[in-house]
2 protein chains.
Amino acid sequence: MPAFKRLLIGRPLKSTELGEQKLNKKKALAILSSDALSSVAYGPEQILLVLMTVSAAAFWYSVPIGIGVLILLCALILSYRQIIFAYPHGGGAYVVSKNNLGVYPGLIAGGSLLVDYILTVAVSVSAGTDAITSAFPSLHEYTVPIAVVFVLLLTILNLRGVTESASVLAYPVYLFVVALFILIGTGIYRIATGEVSHELHTPVGTPIAGISLFLLLKAFASGSSALTGVEAISNAIPNFKDPAPNNASRTLMAMGALLAVLFSGIVFLAYYYGISPMHEVTVVSQIAEETFGRNAMYFFIQGATALILILAANTGYSAFPLLAVNLAKDKFIPRMFTVRGDRLGYSNGIISLGLLSILLIIVFQGQTEQLIPLYAVGVFIPFTLSQSGMMVKWIREKPQGWVGKLIINTTGAVICLTVTLMFFITKFAQVWTVLLFLPVIVYVFHRIKKHYEAVGEQLRLATCEPVTPIEGNVIIVPVSGITHVVEHSLNYARSLSAEQIIAVYIPFEREDEARFEEKWSKWMPDIRLVTLHSPYRSIIQPLSKFIDVVHRKASENNYQVTVVIPQFIPKKGWHNLLHNQTSFLIRTYLLYRKDIIITTVPYHLKK
Amino acid sequence: MPAFKRLLIGRPLKSTELGEQKLNKKKALAILSSDALSSVAYGPEQILLVLMTVSAAAFWYSVPIGIGVLILLCALILSYRQIIFAYPHGGGAYVVSKNNLGVYPGLIAGGSLLVDYILTVAVSVSAGTDAITSAFPSLHEYTVPIAVVFVLLLTILNLRGVTESASVLAYPVYLFVVALFILIGTGIYRIATGEVSHELHTPVGTPIAGISLFLLLKAFASGSSALTGVEAISNAIPNFKDPAPNNASRTLMAMGALLAVLFSGIVFLAYYYGISPMHEVTVVSQIAEETFGRNAMYFFIQGATALILILAANTGYSAFPLLAVNLAKDKFIPRMFTVRGDRLGYSNGIISLGLLSILLIIVFQGQTEQLIPLYAVGVFIPFTLSQSGMMVKWIREKPQGWVGKLIINTTGAVICLTVTLMFFITKFAQVWTVLLFLPVIVYVFHRIKKHYEAVGEQLRLATCEPVTPIEGNVIIVPVSGITHVVEHSLNYARSLSAEQIIAVYIPFEREDEARFEEKWSKWMPDIRLVTLHSPYRSIIQPLSKFIDVVHRKASENNYQVTVVIPQFIPKKGWHNLLHNQTSFLIRTYLLYRKDIIITTVPYHLKK
């Protein structure tokens, strides 16, 4: 088992090797921006899909809407840049909202993002798998197993550590960026040289009947789904090489620039080529076909797109564990999320994320598209909260140049709030569950915190009642027969110089009782034997009652009761199936129900 | 939970109430013969199905073949009657084969029957469910859940105890017998009064081209599947009221008589009416329609048949646990099968049977017909073995009138062997798995027995090396901080008058190490603290190494090492999720890997 684990994730790393696990800007850009960049593959299409409900002539609106999305992108990038410097230990929307707006807004932001990263993994991997099964239809019936294998691979890769996964994943991300640059460059070159007819599209500004503000806002909200993943860098600052905030901020700016270029390029080409969304062929695929024809370049762009869709999931793997650490440090989720694994990654977070997304994929049978609106709204709620949090911060602290900062965040907050509301208004049927599960998550966070606080208070030395001194010991040894295991246990009990040792035998039949007492008096005459006849063939009930009696008497003298349980340990695991696990049952029952000490005396069988 | 259990299976019974759980003949006949009687519903059909491969004119052969089956039935009934008196403690084929032929033939018989009872339950319940879903096709897609619910109901009924299940199940069994008596009686009356044309069938003796001995033997083997379940009474003698063997023997004779009458009646009517097996309508259903038309009587007979098919499963529930007790007493299967449950039934056997048949139903998606040949061969192997065993017994012991007894058993053995061979020759594709899983089962039985024997030998006082005396105690207390739980544990360790107490702290970082040592020296200066820096963040590894060192030194002086583990017990079960189960992991690891004693000091949290 340890050898297999080592093969899978590599040798354990020392805590002091943590520095070597940090990311440089190039690698960080690759693994933290895959989610945001991949949304270029479907964001522009979302805008066209809404406009199409009026008419193809309305497609020119995608240009102003695209500009709107770019403005939102700028506001978000600038705003998250400010967050990075203000909160250099990471945590993003959760920490910002908690510190500036209060605990509950913070928990709403944290809960949304936590769920969102799980959705990111499930949705991205399903989308990538769909791309593969579209290319090879014979694989179609294996969609779920293929998606699960991808999640498992990503999980293992991330368990190996952040630098290793970054090294592997950097290539496909840059490949995608290069592919799209070639596509956009060639497209614009063809337009500039007049190779493309300028009659394929309606000119910008053409009046269109039936266009309403509502529709435009809906198109804008849909297009904004291209911005999911922008917050990931602000959660993952601790993964950067020092000086972490500066490096993170530069990476964020680079990502923003790339995203802006790719997004405007695709929107513009789609508009100029007059492309209509189709059910079977994506908009990017149509642009590629229009630009190159169905040649090698076309398939290169298609392949790079499929790859980035799967790798977008990796952003979830980078951000989820770090967000979980922040929540766990504040005691809102189990403490185990703060523990570093063998390879210094927060392995419990990585494994939980993998398992939960596999669960989602299986429950939705790989048809996770219906989760996309849920996923988008789950991003824009924390966006809105973090922007509002920053507004509060600037107004409160008024640092140098705060008015400019406030304007940036206010713009961001207003746009994000609009987008969030648009999702609720236009896609309520798909996103209403958020209103159900967010309160549930926040309630669970709250209960967990309360429990941890109660425990801490009870364990702290200063606040508790002093421990009562132990004046003596009473030892009870349940015995099942006259064997070596029992002899061994009694021998041990004797060595503890206890005030009293009582052996307890529980016969199911009267005849057995007398017979055993006689044998005992010959074997261990110096140890008191109590027999408890059990007509209902239960062992735990009579033993429990007897222990209660002894415990009551012992407590009067400040004596401590210890139950010494003989247990033989078979040599091989499967042998355990062959033995009634009475020792184990007695131990578990007594440990949880009684205030007594349980000692297990193992007797290791040799064959 | 206990209240729910009580509702489900009733109040626990005292061991002394066992006598009240015994069966009278009428109830015993009902629950032990349901399997055998139900086979009348498909046995005659099996004969016709084989003959049909030649021509409908060959159907007259069903009469001599039916007579052959009746002879086999007589031989089996007489033979099992002899078994009942020779082995009045039950166990049937397993005990007979083991005592007379040797351990391995016994295990083959026992293994076959054990698997066979699981098949009985799965096949009968699936068949009954099919009958229901045929009547209500809208239920068809729920076949598997319906079958599973029936198995669960039968399991609960049997957990309530044998008399209670007998009281409930007696009605449908007698209902079926009455229904078939009415059917056969009316049929014969109509034939006698000449209402039925005597030209529907070929006269007995008509020469038919293409009939071979092989085909006739195949038809005979198929018809013999009506005899499955005949052995159940001999396994279940301990369930009878005293004098058990006499009551069991009379019940067996009554069952044989009923089976003979019903079987010959159906074979005869099918022949006289000239009925051909059809895919959608069973032979019994055709006879009923021919006799009554599609009126209330017809549906009464159909309903009673569907019911008995499900209840046939109950024979498995009566016989499996008792066979399991016999195997467990001989140590071939886990000892837990000998334990009586709250209601004095062998509940582990009942529950295992239920779970395994549910597993079969789910794996085969309720399509268990393909298992029928497997099931028949699994019955005839133990039949053959037990008959041969009885032959050996008579030849060896030569009691009064042994020649007559020998003739009966020899006849039985020869016919059963023929039937078994016919199954292998004519349906090899469906039964070959028996040749695979019987050796596996026998091997497993053998390994289990070997393990129990090895354990018994090691525990027995006479044969083992004497226990080394304990001259003193060394106590190791792993501590995680300065808290009440730790204080409590150290307090306890102090009260045991040990030679040495060592507290062990495992820091992951160097700074933490120094800080803790300083705090400790102020808090518990009298208890030695050892800190084990763990650069790989593992707790178990450094602790385990340290314990090895201490253990080696302690052993030199015959000192015993005890590890005292502080563990706090949260108030509610779900709280356990919130705590790293370090105490539990340490305890489990040490218990199985080291020869030391483990003491758990619980600290019960109050909120």
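Me: A polar contact is a pair of N or O atoms within 3.5 Å, in which, within protein, one must be able to donate a hydrogen and the other to accept it, and residues adjacent in sequence count only if both atoms are side-chain atoms. How many residue pairs are in polar contact between chain B and chain A?

Reply: Between chain B and chain A the count is 16 residue pairs in polar contact, with both residues at pLDDT 80 or more. This is a predicted model, in which local features need pLDDT of at least 70 and side-chain atom pairs count only at pLDDT 80 or more, while totals for chains, interfaces and linings use all residues. Residues are numbered from 1 along each chain as its sequence is written, chains are lettered from A and ligands numbered from 1 in the order in which they are written, and side-chain values use heavy atoms, with hydrogens and water left out.

Me: How many salt bridges are there between chain B and chain A?

Reply: A salt bridge needs a side-chain nitrogen of Lys or Arg within 4 Å of a carboxyl oxygen of Asp or Glu, and the count between chain B and chain A is 0.

Me: Which residues supply the most of the area that chain B buries against chain A?

Reply: Buried area is the accessible area (1.4 Å probe) that two parts lose on being put together, summed over both, and for chain B and chain A it comes to about 6,900 Å², with 57% of it on carbon and sulfur atoms. Leu461(B), His484(B) and Arg537(B) supply 10% of the area that chain B buries against chain A, more than any other three residues. Where contact means heavy atoms within 4.5 Å, 79 residues from chain B and 79 residues from chain A take part.

Me: What makes strand E5 of chain A and E5(B) a pair?

Reply: Strands (E, at least two residues) and helices (H or I, at least four) are DSSP runs numbered from the N terminus, and two strands pair if DSSP finds at least two bridges between them. Strand E5 (residues 597–604) of chain A is joined to E5(B) by 3 bridges, so the condition of at least two is met. The two strands run antiparallel, and Ile598(A) stands opposite Thr600(B) in E5(B).

Me: How do you know how the two copies are related?

Reply: The copies are superposed by least squares on the C-alpha atoms of residues with pLDDT of at least 70 in both. A rotation of 180° with 0.0 Å of shift along its axis places chain B on chain A, with an RMSD of 0.1 Å. The copies are therefore related as by a two-fold rotation axis. In chain B, the C-alpha nearest the axis belongs to Thr599(B), 2.0 Å from it. The same surface serves both copies, since 100% of the contact residues of chain B recur in chain A.

Me: Which peptide bond leading to Pro243(A) is cis?

Reply: The bond from Asp242(A) to Pro243(A) is cis, with omega near -10°, and the bond from Asp242(B) to Pro243(B) is also cis, with omega near -5°. Most peptide bonds are trans. Pro243(A) is found in the loop between helix H10 (232–235) and helix H11 (244–273) of chain A.
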